[in-house]
Each structure stands twice: as C-alpha cells, then as structure tokens.
Amino acid sequence: MPASVQTRFQGAALAFQASLDNTLLLILAAIITMYIVLGVLYESYIHPVTILSTLPSAGVGALLALMLSGNDIDIIAIIGIILLIGIVKKNAIMIIDFALDAERKEGKSPRAQSARPACCASGPS
C-alpha cells in the first residue's frame, strides 16, 4: 500500500475500539464494588483483601495456559477467564466462611481450619 493511504476504524469496529478504552476503568470499578460488598458482608477490612488476592493468579494462570497452548484470546477465552475468576472467588469465599465458622463455633484458629478439607470438617461420620 502506498504511504499516502490512511486507515481508520468505522462502524462496529470503531464502537468496539471505543468500548475497549473503558475496560480498565470498568475492571477497577468491579473490584472496588466487590471489596465494598465483601467488606459489608464480613464486617472486616482484611477478609475482602484475602478473597480478592486470589483473583490475579487465576487470570494470569489462564492467560499463561492460553499462551503455552498457542491459542488466541478470543471471545470464548475471555468468557472462560471470567468464569474461572468467578469460580476462584467463590472458592475463596467458601474457605473464609468455613474458617470463620470454625473459629466462632469451635474456637479453633482460622489458619488451622483453612488447611483442613471441608469434607472432614465436622468430624468422622
């Protein structure tokens, strides 16, 4: 192509590019919202940080798996990453709930309970 040819996004491509400009702001707003909701739920400043600290490793792990397998980041991969992050967040919430419940009911330390499997938490059947 000659150097005088100029290209621009138009139509749907322009709208998609404009929506990508706000993605970082939307992710930041979602993380702040999750922190506030979890903070109200647990009445703590540290428990939401513990839960949210698991999310970056899930995202990085998914991106690393895509890179190692040679797959591109398409819409299906993005949906998969979002679902994975949701599952990891739910798992972290369950671990925190389990540890806090054991602390309240049994007087055990949350650190000791978080390492114990949930299937064996109530003792032998």
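**Lys 105 and its partner**

I looked up Lys 105 first. Its relative accessible area is 66%, so I noted Lys 105 as exposed. The model is a predicted one, and I read every entry here with that in mind. Next I asked which side chain Lys 105 meets in a salt bridge. The partner is Asp 101, at 3.7 Å from N to O. I then checked the accessibility of Asp 101. With a relative accessible area of 34%, Asp 101 is partly exposed.

Where do the two residues lie? I found both in helix α5, which runs over residues 75–106. Asp 101 and Lys 105 are four residues apart, about one turn of the helix. I also looked up the total for salt bridges. The structure holds one.

**The nonpolar core**

I turned to the largest nonpolar core and its nine residues. I listed Leu 38, Tyr 42, Ile 51, Leu 52 and Leu 55, then Ala 92, Ile 93, Ile 96 and Leu 100. Which helices each supply at least two residues of this core? I noted α2 (23–42), α3 (46–52) and α5. The most comes from α5, which gives four residues.

I picked Ile 93 from the core list and looked up its contacts. I set aside neighbours within four places in sequence. That left Leu 38, Tyr 42 and Ile 51 in contact with Ile 93.

**The largest pocket**

How much space lies in the largest pocket? I wrote down about 810 Å³. The pocket is lined by 21 residues. Closest to its centre are Ile 27, Ile 78, Ile 81, Ile 82 and Ile 85.

I sorted the lining by class. It has 17 nonpolar residues, three polar and one charged. By helix, α1 (11–21), α2, α4 (55–69) and α5 each supply at least two lining residues. Helix α5 gives the most to this lining, with seven residues.

I put the α5 entries side by side. This helix holds both Asp 101 and Lys 105. It gives the most to the largest nonpolar core. It also gives the most to the lining of the largest pocket.

**Glu 43**

My last entry is a backbone angle. Most residues other than glycine have a negative phi. Glu 43 has a positive phi, near 50 degrees. Where is Glu 43 found? I located it in the loop between α2 and α3. Is Glu 43 buried or exposed? Its relative accessibility is 74%, so I entered Glu 43 as exposed.

Notes
Residues are numbered from 1 along each chain as its sequence is written. This is a predicted model: local features need pLDDT of at least 70, side-chain atom pairs count only at pLDDT 80 or more; totals for chains, interfaces and linings use all residues. Side-chain values use heavy atoms; hydrogens and water are left out. A salt bridge is a side-chain nitrogen of Lys or Arg within 4 Å of a carboxyl oxygen of Asp or Glu. Buried means under 20% relative accessible area, exposed over 50%, partly exposed in between (1.4 Å probe, protein chains only). A nonpolar core is a set of buried Ala, Val, Leu, Ile, Met, Phe, Trp, Tyr and Cys residues joined through side-chain atoms within 4.5 Å. Contact means heavy atoms within 4.5 Å. On a 1 Å grid over the protein atoms alone, a cavity is a set of points where a 1.4 Å probe fits but cannot get out, and a pocket is an open set with protein on both sides within 12 Å along at least five of seven lines; lining residues have an atom within 4 Å of a point. Grid points are joined across faces, edges and corners, and a volume is the space filled by probe spheres set on the points. Ala, Val, Leu, Ile, Met, Phe, Trp, Tyr, Cys and Pro count as nonpolar, Asp, Glu, Lys and Arg as charged, and the others, Gly among them, as polar.
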